[in-house]
Amino acid sequence: MSHRALFCLSVALVLLLPGGGATVESSSSKALDVDYEFGDYRGKWCIDDHGFVYAIGEVYYPSPSACPCTCTEDGPLCVRPKCPRIHPRCTRIRYKACCPVCEAIARVCVYGGRTYRLLEEFRLSRCERCRCEANREVYCSIANCPAPHCVNPTYEAHHCCPICNTGPNCFAGNRVIPAGERVNIDERTVCYCTYRDGTWHTHHQASCEQRPMPSLTPSTSAEPPRDEGRVRNPRLDLIP
């Protein structure tokens with residue numbers, strides 16, 4: 001029986017016994033004076049935050065949010081159990097058997113220190129798009145850029161994927177030539193961009209052809225052509 005229960009029983013006996021109330025009361029007061037004279041309750045009982053007294057061996061909760069403690073001769077021995085993890089977006093917590101229990105979760109997503117509404121989409125960069133899903137988790141994806149149709153793409157502001165400002169082209173050696181044209185690289189070489197099978201993307205390297213060399217062999221009919229069927233009149237001044 002706890003000390004609190006013993007005290008209550010003593011008071012009840014004082015009130016019930018005729019003529020002996022003063023004797024019992026004085027003895028009880030004297031005992032209490034001895035107990036509280038030194039102010040040391042160790043080895044006798046334990047007291048919680050509200051002033052309730054517990055006997056040695058009793059298990060009690062010092063406060064609503066505290067863990068259960070066992071009253072021992074050396075004082076309360078409290079052991080914290082392993083509590084489940086609280087959701088990071090919990091907005092209302094109560095304690096049950098000294099473990100926190102979440103009662104309400106915010107209907108938002110928290111990402112990078114900012115708050116987003118459910119199903120709200122936002123960008124972290126020009127290429128990374130994110131969305132606050134219904135389960136209050138944020139999912140992000142990186143833009144999947146198609147292969148450029150040129151060999152000299154450029155990156156511009158507010159565009160995630162590279163842009164071909166000069167249109168489709170290809171390399172002819174170290175030279176960039178536009179697609180759809182035959183370009184003379186030198187006196188004998190002509191090059192043009194070819195497209196990949198089934199696509200509008202050009203190959204990186206152009207297709208080139210060699211022009212035939214002009215013939216340098218002298219003609220066998222080097223003599224001036226004769227005027228056949230034409231009669232020439234001789235010059236009289238040249239006749240000796």
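Which residues form one aromatic cluster together with Tyr111? The answer is Tyr116 and Phe122, and the close-ups below start there. This is a predicted model, in which local features need pLDDT of at least 70, side-chain atom pairs count only at pLDDT 80 or more, and totals for chains, interfaces and linings use all residues. Residues are numbered from 1 along each chain as its sequence is written, and side-chain values use heavy atoms, with hydrogens and water left out.

**View 1. Aromatic pairs, one stacked and one tilted.** Rings of Phe, Tyr and Trp (its six-membered ring) pair if their centres lie within 6.5 Å; planes under 30 degrees apart are stacked, over 60 edge-to-face, and the rest tilted. That rule gives three aromatic pairs. One of them is tyrosine 54 with tyrosine 60, stacked at 4.4 Å centre to centre with 10 degrees between the planes. Tyrosine 54 is buried at 15% relative accessibility, and tyrosine 60 is buried too, at 3% (buried is under 20% relative accessible area, exposed over 50%, partly exposed in between, with a 1.4 Å probe and protein chains only). Tyrosine 111 and phenylalanine 122 make a tilted pair, 6.3 Å centre to centre and 50 degrees between the planes. Tyrosine 111 sits in strand β8 (residues 108-111) and phenylalanine 122 in strand β10 (residues 121-123), so this pair ties together parts 11 residues apart in sequence. Strands here are DSSP runs (E, at least two residues), numbered from the N terminus. Of these two rings, tyrosine 111 is partly exposed at 31%, while phenylalanine 122 is buried at 10%.

**View 2. Leucine 119, a non-glycine with positive phi.** Its phi is about 65 degrees. Leucine 119 sits in the loop between β9 (114-117) and β10, and is partly exposed, with a relative accessible area of 46%.

**View 3. Arginine 136, buried without a salt bridge.** Look for this one in the loop between β11 (128-132) and β12 (138-142). Arginine 136 counts as buried at 17% relative accessibility. A salt bridge would need a side-chain nitrogen of Lys or Arg within 4 Å of a carboxyl oxygen of Asp or Glu, but the nearest side chain of opposite charge, glutamate 137, is 7.2 Å away. (For charge, Lys and Arg are positive, Asp and Glu negative; His and the chain ends are not counted.) Beyond its neighbours within four places in sequence, arginine 136 is in contact (heavy atoms within 4.5 Å) with residues including Arg89, Ile105, Val108 and Leu118. Its phi is also positive, near 65 degrees.

**View 4. The largest nonpolar core, with eight residues.** A nonpolar core is a set of buried Ala, Val, Leu, Ile, Met, Phe, Trp, Tyr and Cys residues joined through side-chain atoms within 4.5 Å. The members are Cys170, Ala172, Ile177, Ala179, Val183, Cys191, Cys193 and Ala206. Leaving aside neighbours within four places in sequence, cysteine 193 is in contact with residues including Asn169, Pro178, Glu181 and Thr202. Apart from this core lies another of six residues, among them Tyr116, Phe122, Cys130 and Cys132.

**View 5. An open sheet of three strands, in the order β15-β16-β17.** The pairing is antiparallel; two strands pair if DSSP finds at least two bridges between them. β15 (183-184) and β17 (207-210) are the edge strands, each with a single partner, so one side of each has no neighbour in the sheet. Two bridges join β15 to β16 (residues 189-192), and valine 183 has cysteine 191 of β16 as its bridge partner.

Methods
Helix = DSSP H or I, 4+ residues; strand = E, 2+ residues; numbered from the N terminus.
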